[in-house]
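User: Hi! Could you walk me through this structure before I set anything up?

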Amino acid sequence: MTNEAAVPVPLLASVMTLENYRFPSHRLRRQQTDPDRIPLVLVACGSFSPITYLHLRMFENLSAVSDAYKKAGLAEAHHRVRMCELAAEETSSWLMVDPWETLQPDYTPTAKVLDHFEYEINHVLGGILAADGVTRKPVKIMLLAGADLIGTMSTPGVWAEKDLDHILGNFGAMIVERSGTDMEEALANLKQWEDNIHVITQMVQNNVSSTKIRLFLKRDMSVRYLIPQSVIHYIDENRLYTEDGEPKSKDKDKQRATN
């Protein structure tokens, strides 16, 4: 939801702390233009280590996991938040990055992250001004995820039942197809929430993943056109995702030109 009104310059998500945290709302539309539509904010939770163009094709509001997640290949939170910021600035006029989850000392379940967005948008901001310019309406918050994530939700024992019911029952989910994932199988054990789960078909298949990007970087292979150029520069400057700490993300043609 794009905000066309003038707003103060926001504090960068990558420099926020728990003490100075402010919910990023500078790109939220503040008033409806079509009274027949449901105001919607999509929240994408993930590692984003690093963020890719596949992520950017999906997302509206990015919430990266904290360092407490302890996932293999996870760059430090401040690096991942900054890369998300750079990608949003380079490629979008509506994407926003919320660092709240990364600022938490402990791992925060997805259900609580969605509660955070619900609180900030519908309680603190008071939702959205309706098209009539007088009344206010609540914004619907939904989880946006890839088919691989919904597959884990369908696997018994991976997610707490109460969290699944809270996420899929109270919020709902938009699921983007992903190459190699059987959607029928992924949704098999989620029938009770099927009315709140909406599958988005990928018209152009894209199987780029953060795991593949990290592998390319470690092998000194180019990742140009797979992730935003600003993110490539940041990775190189900060020597991320390499075995020996040396920058390896530069485009191969540039390397050959300087050798």
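Analyst: Happy to; we can take the overall fold, then the sheet, the pocket and a few single residues. Keep in mind that this is a predicted model.

User: Thanks. What does the secondary structure of the chain come to?

Analyst: The chain has 10 helices and 8 strands.

User: And how much of the chain counts as buried?

Analyst: Of its 259 residues, 47% count as buried. The accessible surface is about 13,500 Å², and carbon and sulfur atoms account for 51% of that.

User: What about contacts between residues that are apart in sequence?

Analyst: Taking contacts in the chain between residues at least 6 apart in sequence, 71% join residues at least 24 apart.

User: OK, on to the sheet. What is the order of the strands, and is the pairing parallel or antiparallel?

Analyst: The open sheet is formed by 6 strands in the order 3-2-1-6-7-8, and the pairing is parallel. Its edge strands are strand 3 (96-97) and strand 8 (197-200), each of which pairs on one side only.

User: How many bridges join strand 2 to strand 3?

Analyst: There are 2 bridges between strand 2 (residues 61-64) and strand 3. Leu62 has Val97 in strand 3 as its bridge partner.

User: And toward the other edge, how many bridges join strand 6 to strand 7?

Analyst: Strand 6 and strand 7 run parallel and are joined by 4 bridges; there, Ala145 has Ile175 of strand 7 as its bridge partner. Strand 7 also pairs with strand 8, again in the parallel sense and over 4 bridges. In that pairing, Val176 stands opposite Ile200 of strand 8.

User: Which way do the residues of strand 7 point?

Analyst: Ala173 and Ile175 point one way, while Met174 and Val176 point the other way. All of these are buried.

User: Which strands does helix 6 touch?

Analyst: Helix 6 (residues 161-171) packs on the sheet and touches strand 6 (140-146), strand 7 (173-176) and strand 8. The directions of helix 6 and strand 6 make about 120°.

User: Good. Now the bit I'm really after: what volume does the largest pocket have?

Analyst: About 720 Å³. Its lining has 34 residues, and those nearest the centre are Cys45, Gly46, Ser47, Lys71 and Asp148.

User: Which elements supply at least two residues of that lining?

Analyst: Those are strand 1 (40-46), helix 1 (53-58), strand 6, helix 5 (147-153) and helix 8 (210-218).

User: Let's zoom in on Ser47. Where is it found, and is it buried or exposed?

Analyst: Ser47 sits in the loop between strand 1 and helix 1. With a relative accessible area of 12%, Ser47 falls under the 20% cut-off, so it counts as buried.

User: What does Ser47 touch?

Analyst: Leaving aside residues up to four places away in sequence, Ser47 touches Ala64, Val65, Tyr69, Lys71, Leu74 and Arg80. Lys71 is also among the residues nearest the centre of the largest pocket.

User: Any backbone oddities I should look at?

Analyst: A bit of background helps here. Most residues other than glycine have a negative phi, and most peptide bonds are trans. Phe48 has a positive phi, near 50°, and lies in the loop between strand 1 and helix 1. Pro50 is in that loop too, and the peptide bond from Ser49 to Pro50 is cis, with omega near 0°.

User: Is Phe48 buried or exposed?

Analyst: Buried, because its relative accessibility is 3%.

User: And what is phi for Asp220?

Analyst: Phi of Asp220 is also positive, near 60°. Asp220 lies in the loop between helix 8 and helix 9 (229-237), and Asp220 is partly exposed, with a relative accessible area of 29%.

User: Last one: where is His116, and what does it touch?

Analyst: His116 is in helix 4 (residues 110-124) and is buried, at 7% relative accessible area. Not counting residues up to four places away in sequence, His116 touches Tyr21, Phe23, Asp98 and Trp100. Between His116 and Glu101, the C-alpha to C-alpha distance is 9.1 Å, and they are 15 residues apart in sequence.

User: Great, thanks!

Definitions and conventions
Residues are numbered from 1 along each chain as its sequence is written. This is a predicted model: local features need pLDDT of at least 70, side-chain atom pairs count only at pLDDT 80 or more; totals for chains, interfaces and linings use all residues. Side-chain values use heavy atoms; hydrogens and water are left out. Buried means under 20% relative accessible area, exposed over 50%, partly exposed in between (1.4 Å probe, protein chains only). Contact means heavy atoms within 4.5 Å. Accessible areas come from the Shrake-Rupley method with a 1.4 Å probe; for residues, only the protein chains shown count as cover. Two strands pair if DSSP finds at least two bridges between them. Axes are lines fitted to C-alpha atoms, for helices over the stretch in contact, and angles run from 0 to 180 degrees between N-to-C directions. On a 1 Å grid over the protein atoms alone, a cavity is a set of points where a 1.4 Å probe fits but cannot get out, and a pocket is an open set with protein on both sides within 12 Å along at least five of seven lines; lining residues have an atom within 4 Å of a point. Grid points are joined across faces, edges and corners, and a volume is the space filled by probe spheres set on the points.
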